[in-house]
There are 2 protein chains.
Amino acid sequence: MRKEIKKNATLELNPNVSVDCVIFGFDFDKLNVLVINRESVDGVQWALPGNLIYDDEHLDQAANRVLAELTGLKHIYLEQIGAFGDPNRISKESDRSWLQSIRAQPEARVITVAYFSLVKMEDYQPQASSFAKSAEWIPVNEIRELAFDHFDILQTAKARLKQMIKIRPIGFNLLPEKFTLSQLHKLYESILDKPLDKRNFRRKIQKLNIVMSLEEKQSGVPHKPSQLFMFDKEHYLLLTQNGFDNFGF
Amino acid sequence: MRKEIKKNATLELNPNVSVDCVIFGFDFDKLNVLVINRESVDGVQWALPGNLIYDDEHLDQAANRVLAELTGLKHIYLEQIGAFGDPNRISKESDRSWLQSIRAQPEARVITVAYFSLVKMEDYQPQASSFAKSAEWIPVNEIRELAFDHFDILQTAKARLKQMIKIRPIGFNLLPEKFTLSQLHKLYESILDKPLDKRNFRRKIQKLNIVMSLEEKQSGVPHKPSQLFMFDKEHYLLLTQNGFDNFGF
DNA sequence: GCTCTTTGTGTCATTTTAACACTTTCAAAT
DNA sequence: ATTTGAAAGTGTTAAAATGACACAAAGAGC
């Protein structure tokens with residue numbers, strides 16, 4: 001027997017299963033990811049927010065709890081990416097020594113279940129929170145290395161996001177409630193990682209009827225102020241009822 | 001400490017992590033799934049082939065091993081669907097009692113990592129193998145219940161398959177090397193669960209250049225014999241190099 | 001040679017796509 | 001007041017893709 005059977009396992013960590021979260025944000029220019037940093041011998045090392053689950057906890061709940069504990073972000077919809085479980089995932093020495101310092105069983109085989117989400121960066125400024133020292137937005141394209149297998153997880157998350165945005169209007173989660181078509185345009189270009197013709201993009205979005213234009217314009221900008229739009233959830237739901245699941249980008 | 005730390009964990013099962021496999025087959029008429037059956041108090045109960053992983057084993061390897069052990073199927077490409085881990089997944093009494101009979105720690109919290117694959121049914125006839133008594137093809141649409149959370153897993157696998165076939169030519173894995181366009185057509189209809197116009201379907205497939213027609217026809221059929229085709233991998237790879245990832249169904 | 005069954009094929013009207021450039025509006029600077 | 005810079009906003013056209021639709025051809029079995 002490898003572990004004792006407890007009838008009441010509440011509040012007991014499961015040493016074999018963790019969750020990690022890939023949180024994307026958009027600064028109107030490029031995609032960012034929320035990472036936490038830890039000190040290591042050779043400087044700062046970034047990691048995705050993640051930790052072991054409790055034995056009686058739903059995976060989805062665990063992801064939400066861990067994210068909140070490490071970054072303060074609460075009540076966001078996390079979607080599962082998949083499980084990552086290379087038995088040799090702890091290959092770097094810095095990972096090993098860090099685990100020694102935080103885990104009761106640093107040598108245990110861990111498989112991790114990864115989640116991703118898209119949030120409005122304006123809603124979450126790590127600088128302003130009590131977690132300021134540990135959580136940080138980093139442009140996705142600048143990341144070269146992360147702890148454990150987190151870099152792999154990030155790549156998978158990017159690919160999944162790219163796939164998903166062609167199928168569901170998740171992009172709107174990255175923008176404020178009121179946004180301009182240019183912002184939306186830039187967002188799609190960032191995620192799909194290719195240029196999209198401005199006029200064709202606008203035409204397509206407007207034809208789909210998934211945005212509604214407000215009576216309001218940008219102000220204070222040193223150029224022609226843009227019309228503001230909102231995501232039109234109702235029209236989108238109508239679309240899906242006819243089996244719509246392809247935005248055609 | 002919940003379990004002892006072993007330096008050499010080889011051949012030791014990890015009580016918290018299992019894998020389950022959803023294997024789809026196509027009988028030229030409808031989709032089928034490979035299930036194993038177990039005896040229970042109230043008759044026969046079907047389950048997906050699955051079991052605990054070893055502590056030092058890659059998840060993907062574990063899935064292949066378990067599948068081979070339970071069904072004899074080897075060397076097939078399994079793609080991960082995701083992790084399923086409701087702490088209450090063992091809700092049915094029959095599940096509980098079955099676990100008692102096969103697991104060292106029947107009460108342990110298990111999260112399972114699900115995989116799916118598509119195979120040619122002709123390549124695998126459970127009746128003919130030594131596993132005949134336990135493995136069986138069942139039409140997907142006739143399945144109403146499975147052990148544990150396997151029914152959920154199956155639904156997720158179906159949805160994933162539907163998504164995937166619009167993006168990658170995985171359907172060909174379900175057909176023999178030489179097939180007719182009608183078979184391919186029926187396959188797409190089965191997976192997408194909607195009728196597709198025959199002529200438009202054929203036009204699209206042929207325009208994409210992903211099938212090549214052979215010099216060979218069906219024979220022995222009591223009607224006009226059909227041209228045989230093969231999947232044209234080379235042309236498909238060319239397509240992907242231009243970023244092609246949408247078959248437009 | 002008749003019947004049954006499935007294969008295989010073409011057109012047309014409509015919609016969608018991709019490519020492409022110039023004017024408008026505002027704030028800031030002069 | 002005028003200029004400048006910067007992004008917003010807008011339309012046409014040719015080519016391609018889509019969806020709807022019906023009948024002749026080929027073989028096996030009787």
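How far apart should the ends of helix α1 (residues 59-71) of chain B be at 1.5 Å a residue, and how far apart are its end C-alpha atoms? The expected span, which is 1.5 Å times one less than the number of residues, comes to 18 Å for the 13 residues of α1(B), and the end C-alpha atoms are 18 Å apart, which agrees. This is a predicted model, in which local features need pLDDT of at least 70 and side-chain atom pairs count only at pLDDT 80 or more, while totals for chains, interfaces and linings use all residues. Residues are numbered from 1 along each chain as its sequence is written, and chains are lettered from A and ligands numbered from 1 in the order in which they are written.

**Chain A overall**

- Chain A has six helices and nine strands; helices (H or I, at least four residues) and strands (E, at least two) are DSSP runs, numbered from the N terminus.
- Along the principal axes, the C-alpha atoms of chain A fill a box of roughly 65 × 40 × 30 Å.
- Buried residues make up 32% of the 249 residues of chain A. A residue is buried if 20 or more other C-beta atoms lie within 10 Å of its own, exposed if 12 or fewer, and partly exposed in between, with C-beta atoms placed from the backbone.
- Of the chain A contacts between residues at least 6 apart in sequence, 70% join residues at least 24 apart; a contact means that the C-beta atoms, placed from the backbone, lie within 7 Å.

**Strands of chain A**

- Strand β1 (residues 13-26) of chain A pairs with β4(A) in the antiparallel sense over four bridges, where pairing requires that DSSP finds at least two bridges between the strands.
- S18(A) has L52(A) in β4(A) as its bridge partner.
- Strand β4 (residues 50-54) of chain A has five of its five residues buried, so it is largely enclosed by the rest of the structure.
- β1(A) also pairs with β6(A), in the parallel sense and over nine bridges, with D20(A) opposite A114(A).
- On strand β6 (residues 111-119) of chain A, eight of nine residues are buried.
- Strand β5 (residues 79-84) of chain A runs antiparallel to β6(A), joined by five bridges, and Q80(A) is there partnered with Y115(A).

**Helix α1 of chain B and the core**

- The buried residues of α1(B) are L59(B), A62(B), A63(B), N64(B), V66(B), L67(B) and T71(B).
- An α-helix has 3.6 residues a turn, so residues three or four places apart point the same way.
- G72(B), just after α1(B), has a positive phi of about 90 degrees.
- C21(B) touches A63(B), V66(B) and L67(B), among other residues that include L48(B), L78(B) and Y115(B), leaving aside residues up to four places away in sequence.
- The largest nonpolar core has 100 residues, and C21(A), V22(A), C21(B) and V22(B) have the most contacts inside it. Such a core is a set of buried Ala, Val, Leu, Ile, Met, Phe, Trp, Tyr and Cys residues joined through C-beta atoms within 7 Å.

**Residues with positive phi, and one sequence-distant pair**

- F148(A), not a glycine, has a positive phi of about 45 degrees. F148(A) lies in the loop between β7 (135-139) and α3 (150-165) of chain A and is buried, with 23 other C-beta atoms within 10 Å.
- H75(B), also a residue other than glycine, has a positive phi near 55 degrees. H75(B) sits in the loop between α1 and β5 (79-84) of chain B and counts as exposed, with 6 C-beta neighbours inside 10 Å.
- M164(A), in helix α3 of chain A, is partly exposed, with 17 other C-beta atoms within 10 Å. M164(A) and N246(A) are 82 residues apart in sequence, with their C-alpha atoms 9.7 Å apart.

**Surfaces near the DNA strands**

- DNA strand D has 22 residues around it, of which S182(A), R199(A), H223(A), Q227(A) and K224(B) come nearest; a residue is near a strand if its C-beta atom, placed from the backbone, lies within 6 Å of it.
- Elements that give two or more residues to the surface near strand D are α4 (181-192) and α5 (198-208) of chain A and α5 (198-208) of chain B.
- The surface near strand D has five nonpolar, nine polar and eight charged residues. Ala, Val, Leu, Ile, Met, Phe, Trp, Tyr, Cys and Pro count as nonpolar, Asp, Glu, Lys and Arg as charged, and the others, Gly among them, as polar.
- DNA strand C is surrounded by 23 residues, the closest being K224(A), S182(B), R199(B), H223(B) and Q227(B).
- Near strand C, the largest share of the surface, four residues, comes from α5(A).
- By class, the surface near strand C has five nonpolar, nine polar and nine charged residues.

Conventions:
Contact = placed C-beta atoms within 7 Å.
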